[in-house]
Amino acid sequence: MLSSDLAGAPMSEAIGKTPSRVRPAKAARATRIKLDRSDYTIRGISYVAISIFVLFCLLPFVMIVSASFSSESEIMKSGFGLFPKGFSTTAYEYIFKAPRQIIGSYVVTITMTLAGTALGLFIIAMTGYALNRQDFRLRNYIAFFIYFTTLFAAGLAPTFLWIGRDLGLRGNYLAVFLPLLMTPWLIILMRNFMKSIPYEIIESGKVDGAGDFRIFWQLTLPMMKPALATVGLFLALGYWNEWYLSSLYLGSTVEFKPLQYYLYNIINTANALRNSVAGSNVSITELPSNTLKMASAVVATLPILFAYPFVQKYFVSGITVGAVKG
């Protein structure tokens with residue numbers, strides 16, 4: 001019946017009729033797997049366990065947001081809670097009282113994060129690619145020296161003298177930007193991922209006359225998306241949360257400080273002001289201290305938190321690279 005209808009109809013109508021006639025037959029053939037009571041029990045227990053775990057992870061952040069909108073006096077009186085106590089925006093007003101500075105800090109941090117993540121990914125990917133090349137004779141020696149730095153480091157004093165005095169980068173954003181470009185652990189992670197890519201792909205590129213960089217760029221790099229997303233997330237978090245190097249090399253020599261260091265200075269200034277008036281007759285109950293810390297955490301966390309879902313699907317597959325052999 002179906003063939004006769006289609007034979008007597010134009011091609012456009014036949015094409016339009018085919019899906020409507022064929023889909024029900026396919027749907028009828030598709031059988032749903034029947035679950036027994038034990039399967040439903042295991043699923044129910046799993047859903048409950050995951051829900052409890054999500055609550056344990058989510059509640060602290062909810063309390064941070066709630067405390068950031070609470071009054072300092074209420075926090076000191078009754079502590080933290082899931083809902084704001086004595087709703088107040090004093091902490092955020094204290095942070096954003098200098099809009100030019102906070103915007104400049106955001107611009108510096110975002111620029112360093114984007115540029116550092118892109119450049120660091122490129123360098124680390126090329127390093128992992130080179131260390132995995134079987135025709136590179138020095139790959140094991142160089143890998144040993146990279147791994148050696150994870151066990152033994154020069155220390156703070158030699159690093160500070162080298163960056164600040166020998167390279168002359170004190171007071172320069174490069175003093176914060178360059179040390180975070182490459183991390184030995186991320187290079188090792190990238191190299192382990194490269195082992196999962198068949199070496200025959202590289203050999204096929206050589207047979208076709210492609211050079212090393214073209215093989216890396218056109219054949220290998222498109223297959224490294226999970227590792228690139230994972231390493232990129234670690235690099236971005238490192239740049240976004242950085243404040244220690246800024247305190248060592250930047251200090252007060254630059255107008256716009258990275259965001260984390262700027263918020264760190266705000267908290268220290270508020271604590272110093274609170275301690276300076278503690279012995280006088282000035283009331284300190286409304287000077288932001290605890291609420292300022294919570295508001296700083298919210299301001300620093302939200303932007304990077306919104307970016308995480310976009311790389312989450314690659315994160316698990318990238319972080320477990322090399323965990324299973326065989």
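How much space lies in the largest pocket? About 350 Å³. We will visit that pocket shortly; keep in mind along the way that this is a predicted model.

**Stop 1: the whole chain**

Begin with the full protein chain in cartoon view. You should find 17 helices and zero strands. Of its 326 residues, 32% count as buried. Now think about which parts of the sequence meet one another: among contacts with a separation of 6 or more, 72% are between residues 24 or more positions apart.

**Stop 2: the largest pocket**

Next, select Leu-114, Gly-232, Ala-236, Ile-304 and Ala-307. Of the 16 residues that line the largest pocket, these are the closest to its centre. Then colour three helices: H6 (99-132), H13 (225-240) and H16 (290-307), each of which supplies at least two residues of the lining. Which helix gives the most to the lining? That is H13, with six residues. If you colour the lining by residue type, you will get 13 nonpolar residues, three polar and no charged.

**Stop 3: helix H15**

Now move to helix H15, residues 259-276. Its 18 residues reach 26 Å from the first C-alpha to the last, close to the 26 Å expected at 1.5 Å a residue. Show side chains for the buried residues of H15: Leu-259, Gln-260, Tyr-261, Tyr-262, Leu-263, Ile-266, Ile-267, Ala-270 and Arg-274. What covers them? The cover includes helix H4 (72-78), helix H5 (90-95) and helix H14 (244-249). You have already coloured the other helices to look for here, since H6, H13 and H16 also belong to the cover and each supplies residues to the pocket lining.

**Stop 4: Arg-133 and its partners**

Select Arg-133, in the loop between H6 and H7. Is this residue buried or exposed? Arg-133 is buried, with a relative accessible area of 6%. Leaving aside residues up to four places away in sequence, Arg-133 touches Arg-139, Tyr-199, Ile-202, Lys-206 and Asp-212. Try a distance label from Arg-133 to Tyr-199: their C-alpha atoms are separated by 8.2 Å, although the two are 66 residues apart along the chain.

Add Asp-135, which forms a salt bridge with Arg-133, the closest N and O atoms being 2.8 Å apart. Asp-135 is partly exposed, at a relative accessible area of 40%.

Then add Asp-212, whose side chain meets that of Arg-133 in a second salt bridge to inspect, at 3.3 Å from N to O. This pair links distant parts of the chain: Asp-212 sits in helix H12 (residues 212-220) and Arg-133 in the loop between H6 and helix H7 (139-151), 79 residues apart. Asp-212 counts as partly exposed, with 47% relative accessibility. Bring in Lys-206 as well, and you have one network: salt bridges that share partners join Arg-133, Asp-135, Lys-206 and Asp-212.

**Stop 5: a pair of neighbours**

For the last stop, select Arg-165 and Asp-166. They form a salt bridge, with the closest N and O atoms 3.4 Å apart. Both residues are exposed, whereas Arg-133 from the previous stop is buried. How many salt bridges does the structure hold? There are five, including the Arg-165 and Asp-166 pair.

Technical notes: Residues numbered from 1 in each chain as written. Predicted model: local features only at pLDDT ≥ 70, side-chain atom pairs only at ≥ 80, totals over all residues. Heavy atoms only, no water. 1 Å grid on protein atoms, 1.4 Å probe; cavity = no way out; pocket = protein on both sides within 12 Å on 5 of 7 lines; lining within 4 Å. Points joined across faces, edges and corners; volume = space filled by probe spheres on them. Helix = DSSP H or I, 4+ residues; strand = E, 2+ residues; numbered from the N terminus. Nonpolar A, V, L, I, M, F, W, Y, C, P; charged D, E, K, R; others polar. Salt bridge = Lys/Arg side-chain N within 4 Å of Asp/Glu carboxyl O. Buried < 20%, exposed > 50% of the residue type's maximum accessible area, 1.4 Å probe, protein only. Expected span 1.5 Å × (residues − 1). Contact = heavy atoms within 4.5 Å.
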